[in-house]
Amino acid sequence: MSLKAGIVGMPNVGKSSLFSALTLVEAESANYAFTTIEPNVAIVNLEDDRLLKLAKIVNAKKITPATFQFVDIAGLVEGASKGEGLGNKFLANIREVDAIVHVIRCFEDSNIMHVASSIDPIRDLNIINLELILADLQTVENVISRIGKKAINSNDKNLKFELDTCIKLKNWLIEEKMVKNLDLDEKEKAIIKSYQLLTSKPTIYVANLSTNDFKNLNEAKHYLKLKEFLDKSNEKLIPICIKLEQELSTFSGKEKELFLSEYNIQESGLNQIIKTSFYILNQSTYFTAGEVEARAWVFKNGMNAAECAGIIHTDFEKKFVKAEVIKYDDYIEHNGEKGAREAGKINLEGRNYIMKDGDVCYFKIAK
């Protein structure tokens, strides 16, 4: 399953630098707006110590981690929903992602211009969110124009329900509220899924701080102001110093550990962003482990064993017979499949078994 998060924000907030640090790929970056027009896309690994431990037990020749795509989308400006600053192109790029990583500038630097000529994180956040809301409002109004008369003059209950749902959305968006905060039932969610509404996407906010402010979060005025604002709506905010993260991304092993300890950081901001992006999309991983390959497979929580087998190959779902499932902790405790089998820790599961994060699976498929 290919998951994709789009990195968005105002111009010159550190998006492309964050992308470069995340992917170790240097995205084009310069001190003027709209440097990035075509989105850069790169695949990053989801670091998971569990996979490495499984691979060690089976002496796997190949290790394949779960992956996540990050897309560096050009800076949005006020008026983007009306096409300002190539806004239509940028908004189209956001429609294609599963989640949004919204980078907000929380640092002062006279050498790096700001399109609004001042640093105000809440203003910048509201500008971006309002543009997304206005774009969604336009989408919903277009649907209403297309189906409105037909729904009113028709006995088609589904069409009438879609119109009612769109009117509900319109009234919500007019109040400048995000669709993800609107209470919708499953039928309504199914109706609007094809609209690809921007404000329905899960969002992580990233505060980009100066080195000094990052070391002293309790005194970082722009960050504290933004945190207080986002806490009111229970939004996720990750404070990072992208400049430091770029340095950290060039290190490995003990060098990275020393660097983190020097700044009293338990985990890099990049890892936090990757993990949070993964989990806000309600995703988990199961494992397959053997001498040829140890691999993490991404699945959506709630999927059954047959559906998860289908992630490996579509035919596997159709030809599914059963799954041998070992809980990760049992696999480690008993040093692999053989020990788990001898300890009676292998469960035979049918196609309707709901997969759990960390399950180690061996699928039996009909020939």
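In the predicted model, Val13 has a relative accessibility of 1% and therefore counts as buried, the cut-off for this class being under 20%. Val13 is placed in the loop that runs between strand β1 (4–8) and helix α1 (15–23). When neighbours within four places in sequence are left aside, the contacts of Val13 are with Val103, Arg105, Phe107 and Asn208. An unreviewed UniProt entry assigns the feature "binding site" to Asn12, Val13, Gly14, Lys15, Ser16 and Ser17. Ser16, another residue named in that record, belongs to helix α1. With a relative accessibility of 8%, Ser16 also falls under the 20% limit and so counts as buried.

The protein as a whole contains 15 helices and twelve strands. Of its 367 residues, 51% are buried. Contacts between residues at least 6 apart in sequence were also examined, and 69% of these join residues that are at least 24 apart.

The largest pocket encloses about 910 Å³ of space. Its lining comprises 23 residues, and those nearest the centre of the pocket are Asp98, Lys193, Ser200, Pro202 and Lys300. Sorted by class, the lining of this pocket consists of twelve nonpolar, four polar and seven charged residues. Helix α6, which covers residues 186–192, makes the greatest contribution to the lining of the largest pocket, supplying four residues.

Helix α6 also includes Ile191. The relative accessible area of Ile191 is 21%, and this residue is therefore partly exposed, since buried residues lie under 20% and exposed residues over 50%. Apart from residues up to four places away in sequence, Ile191 touches Phe161, Glu162 and Thr165. One of these partners, Glu162, is 29 residues from Ile191 along the chain, and the C-alpha atoms of the two residues are separated by 6.5 Å.

A search for enclosed space gave one cavity of 30 Å³ or more. The space within the largest cavity amounts to about 40 Å³. The residues that line this cavity are Phe214, Cys241, Leu244, Glu245, Leu248, Phe259 and Ile265. Six members of the lining are nonpolar, none is polar and one is charged. Helix α9, formed by residues 242–248, gives the most to the lining of the largest cavity, with three residues.

Helix α11 spans residues 269–280 and has twelve residues. The distance from its first C-alpha to its last is 16 Å, close to the 16 Å expected at 1.5 Å a residue. An α-helix has 3.6 residues a turn, so residues three or four places apart point the same way. The buried residues of α11 are Gly269, Leu270, Asn271, Ile273, Ile274, Thr276, Ser277 and Phe278. Asn282, which follows α11, has a positive phi, near 65 degrees.

Definitions and conventions. Residues are numbered from 1 along each chain as its sequence is written. This is a predicted model: local features need pLDDT of at least 70, side-chain atom pairs count only at pLDDT 80 or more; totals for chains, interfaces and linings use all residues. Side-chain values use heavy atoms; hydrogens and water are left out. UniProt positions are given in the numbering used here, feature names are shortened, and annotations may be inferred rather than shown by experiment. Helices (H or I, at least four residues) and strands (E, at least two) are DSSP runs, numbered from the N terminus. Buried means under 20% relative accessible area, exposed over 50%, partly exposed in between (1.4 Å probe, protein chains only). Contact means heavy atoms within 4.5 Å. On a 1 Å grid over the protein atoms alone, a cavity is a set of points where a 1.4 Å probe fits but cannot get out, and a pocket is an open set with protein on both sides within 12 Å along at least five of seven lines; lining residues have an atom within 4 Å of a point. Grid points are joined across faces, edges and corners, and a volume is the space filled by probe spheres set on the points. Ala, Val, Leu, Ile, Met, Phe, Trp, Tyr, Cys and Pro count as nonpolar, Asp, Glu, Lys and Arg as charged, and the others, Gly among them, as polar. The expected span of a helix is 1.5 Å times one less than its number of residues.
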